[in-house]
Amino acid sequence: MRDSFPVADRAAQRPDDTDAATRRAWDVAAAVPDPEVPVLTIEDLGVLRDVSADADGVRVTITPTYSGCPAMDAIRDDVVLALTSAGFDRVDVRLVLSPAWTTDWMTDAGKHKLREYGIAPPTGRAAVRGPIPVRLAVTCPRCGSPDTREIARFGSTACKALYECRACLEPFDHFKAH
Ligand SMILES: [Zn+2]
């Protein structure tokens with residue numbers, strides 16, 4: 001099992017050169033939906049970091065979006081259920097906190113689905129470090145207007161901020177980049 005991830009600035013991808021059992025286990029774990037935003041899978045979110053399967057069972061590594069995210073217990077249970085339903089036994093789900101999850105790990109497909117769901121996806125890249133962070137416009141997921149403002153730092157969950165669109169006057173959640 002890999003102890004560290006060679007690339008931590010993007011979503012983990014299923015390795016093509018691995019054995020059939022690991023590939024199948026990866027696909028099953030990757031399809032588990034996020035309990036908070038069910039249109040997104042944990043792979044879309046970048047929460048799924050690693051899967052390996054062999055005669056000893058399946059080991060799945062996930063990284064929570066926030067260290068106190070209560071959704072993680074639900075995700076852990078869902079991953080175990082999905083894999084045992086698919087015929088795997090001895091499923092071990094490991095939580096890895098370092099490197100910390102960033103919105104950079106969210107896939108482009110995930111950001112697209114988030115927008116269709118009515119949540120403004122993260123803008124910019126959290127990993128980019130410059131002297132002055134550029135505050136990119138958060139566009140309204142409903143009408144596409146960049147004329148929006150933050151009305152609450154925390155939206156429906158700690159991972160999201162509540163925004164309001166000045167063009168269509170609709171409030172919406174924005175998945176914060178961090
Ligand atoms: Zn709007």
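**View 1. The buried residues of helix H1.** In H1 (20–30), Ala25, Trp26, Val28 and Ala29 are buried, a residue being buried if 20 or more other C-beta atoms lie within 10 Å of its own, exposed if 12 or fewer, and partly exposed in between, with C-beta atoms placed from the backbone. Seen down the axis of H1, these buried residues fall within an arc of 165°, so they line one face of the helix; the arc is that of the directions from the helix axis to the C-beta atoms. The elements covering the buried residues of H1 include E1, E2 and H3. Helices (H or I, at least four residues) and strands (E, at least two) are DSSP runs, numbered from the N terminus. The model shown here and in the other views is predicted, and local features need pLDDT of at least 70, side-chain atom pairs count only at pLDDT 80 or more, while totals for chains, interfaces and linings use all residues. Residues are numbered from 1 along each chain as its sequence is written.

**View 2. The surroundings of alanine 29.** Alanine 29 lies in helix H1 and is buried, because 30 other C-beta atoms lie within 10 Å. Leaving aside its neighbours within four places in sequence, alanine 29 is in contact with Leu48, Val51, Val60, Val79, Ala82 and Leu83, where contact requires that the C-beta atoms of two residues, placed from the backbone, lie within 7 Å. Isoleucine 75 is 46 residues away from alanine 29 in sequence, and the two are 9.9 Å apart in space, C-alpha to C-alpha.

**View 3. The largest nonpolar core.** A nonpolar core is a set of buried Ala, Val, Leu, Ile, Met, Phe, Trp, Tyr and Cys residues joined through C-beta atoms within 7 Å. The largest such core has 35 residues, of which Ala25 and Ala29 touch the most other members. Two or more residues are given to this core by each of helix H1 (20–30), helix H2 (42–45), strand E1 (48–54), strand E2 (57–62), helix H3 (71–85), strand E4 (119–120), strand E6 (160–165) and strand E7 (171–175). The core draws at least three residues from each of domain 1 (20–104) and domain 2 (118–175), with bounds that come from an automatic or database domain assignment. In soluble globular proteins, nonpolar side chains tend to be buried together.

**View 4. Strand pairing among E1, E2 and E3.** E1 and E2 run antiparallel and are joined by six bridges, two strands being paired if DSSP finds at least two bridges between them. The connection from E1 to E2 is a hairpin through two residues, and serine 52 has arginine 59 in E2 as its bridge partner. E2 also pairs with strand E3 (residues 91–95), here in the parallel sense and over five bridges, with isoleucine 62 standing opposite leucine 95 in E3.

**View 5. The open sheet of four strands.** This open sheet has the order E4-E7-E6-E5, with mixed pairing, and its edge strands, E4 and strand E5 (148–152), each pair on one side only. At one edge, E4 and E7 pair in the parallel sense over two bridges, and isoleucine 119 stands opposite aspartate 173 in E7. At the other edge, E5 and E6 pair in the antiparallel sense over four bridges, and alanine 152 stands opposite leucine 162 in E6.

**View 6. Strand E7 and the hairpin with E6.** E7 is mostly covered, in that four of its five residues are buried. The pairing of E6 with E7 is antiparallel and extends over five bridges, and alanine 161 stands opposite histidine 174 in E7. The two strands, E6 and E7, form a hairpin with five residues between them, and leucine 169 in the turn has a positive phi of about 65°.

**View 7. The loop that holds serine 98.** Serine 98 is found in the loop between E3 and helix H4 (108–117). Serine 98 is exposed, because 8 other C-beta atoms lie within 10 Å. The C-alpha atoms of serine 98 and threonine 63 are separated by 7.8 Å, although 35 residues separate the two along the chain.

**View 8. The whole protein, for orientation.** The protein has four helices and seven strands, which follow the pattern α-α-β-β-α-β-α-β-β-β-β when read along the sequence. Of its 178 residues, 33% count as buried, and among contacts between residues at least 6 apart in sequence, 56% join residues at least 24 apart.
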